[in-house]
Amino acid sequence: MAENERALEDGIVTDLRDRMTYGSYLDLDRLLGAQHPVSVPEHHDEMLFIIQHQTTELWLKLVLHELGTARDRLADDDLRSALKHVARVKHIQEVLTQQWSVLATLTPTEYAQFRGDLGNSSGFQSVQYRAVEFALGNKNARMLGVFADHPGNLALLTAELERPTLYDEFLRLVARRGLPVPAEILDRDVREPYRMHDDLVPVFREIYENPHEHWDLYEACEEFVDVEDNFQFWRFRHLRTVTRTIGRKIGTGGSSGVDFLQRALDLTFFPELYAVRTEIGR
């Protein structure tokens, strides 16, 4: 055996005929064959651009998977299991935010050489991103029109529009614990975006000022704040990456670009969990 060569152990399977393999299980032929640059001649950095967005979509698929199960667990009064799935979402969010540093290596000069080949394709058209926003409370029925020509995407987003959000399910659980969540929140039309309710702030003040009596609810509140903070970090890194790459150009999908992304930073999913911080200790 050559120096610095590791011997194969006798038990390692090397005859892979008629067996499930790593590649077949992960469908790698299809996955790794799904990168199709459109620039002519093909620009080297378009592969980075494609893979960045494809991996983001894979992580978003997992976020939706975890948020769906978290809501099921909350509906079953299984808060501990729900928080396990929320914790996983938080770790995925960290990966998604870190990914922007890879795309940020794409300079304005490099991107300009193939940006025109992208047509009107834009992250604005990501149905999974919209579904995640819907699952967290930022619902907008007008977004359904963007996906009217794709039945599968339309069905996914319609289902999220009509399903209670993560916060809805949590507030219902809080009410079942005996805390006075206002009836108009519990009975709200879940197809509408969630809006601030001042009458809910005292409920969270009770939880925060008596953590030993409501420990798991107290913990859940902080987990939800983590999710929102992480989402805002992701939005901010997106904004900064776009700013350094295209400046204030109009987005490929027709948006105002940086200004449009800037306004997203004003959106919130769990407003009372931030409002209560002003009241604690008064």
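How are helix 10 and helix 13 oriented to each other? Helix 10 and helix 13 are roughly perpendicular to each other, where angles of 65 to 115 degrees count as roughly perpendicular, those under 35 degrees as roughly parallel, those over 145 as roughly antiparallel and the rest as oblique.

This is a predicted model, in which local features need pLDDT of at least 70 and side-chain atom pairs count only at pLDDT 80 or more, while totals for chains, interfaces and linings use all residues. Residues are numbered from 1 along each chain as its sequence is written, and side-chain values use heavy atoms, with hydrogens and water left out.

**Helix 10 and helix 13**

Helices are DSSP runs (H or I, at least four residues) numbered from the N terminus. Helix 10 covers residues 201–209 and helix 13 residues 271–279; the two pack at an angle of about 65 degrees, with axes 9 Å apart. Axes are lines fitted to C-alpha atoms, for helices over the stretch in contact, and angles run from 0 to 180 degrees between N-to-C directions. From helix 10, V201, F204, R205, Y208 and E209 meet E272, L273, A275, V276, R277 and E279 of helix 13, contact being defined as heavy atoms within 4.5 Å.

**Two buried residues**

H85 is part of helix 4 (residues 79–103). Its relative accessibility of 16% means that H85 counts as buried; buried is under 20% relative accessible area, exposed over 50%, and partly exposed in between (1.4 Å probe, protein chains only). Apart from neighbours within four places in sequence, H85 is in contact with E66, T69, A70 and R73.

Y129, in helix 6 (residues 127–136), is also buried, with a relative accessible area of 12%. Beyond its neighbours within four places in sequence, Y129 is in contact with L60, F231, W234 and R235. The C-alpha atoms of Y129 and K61 are separated by 8.9 Å, although these residues are 68 residues apart along the chain.

**Backbone features**

The peptide bond from V40 to P41 is cis, with omega near -5 degrees. P41 belongs to the loop between helix 2 (28–32) and helix 3 (46–75). D18 has a phi near 60 degrees, a positive value in a residue other than glycine. D18 is placed in the segment before helix 1 (22–25) and is exposed, with a relative accessible area of 86%. For D77, phi is near 65 degrees, again positive in a residue other than glycine.

**Salt bridges**

A salt bridge is a side-chain nitrogen of Lys or Arg within 4 Å of a carboxyl oxygen of Asp or Glu, and by this rule the count comes to 17 salt bridges. The table presents examples.

| Pair | Closest N to O distance |
|---|---|
| D72 and R163 | 2.8 Å |
| R176 and D77 | 2.8 Å |
| E133 and R130 | 3.5 Å |

The pair R176 and D77 links distant parts of the chain, with R176 in helix 8 and D77 in the loop between helix 3 and helix 4, 99 residues apart. R176 is partly exposed at a relative accessible area of 43%, and D77 counts as partly exposed at 44% relative accessibility.

E133 and R130 are separated by about one helical turn, because they are three residues apart in helix 6. Both E133 and R130 are buried. Finally, a network of salt bridges links K90, E223 and D226.
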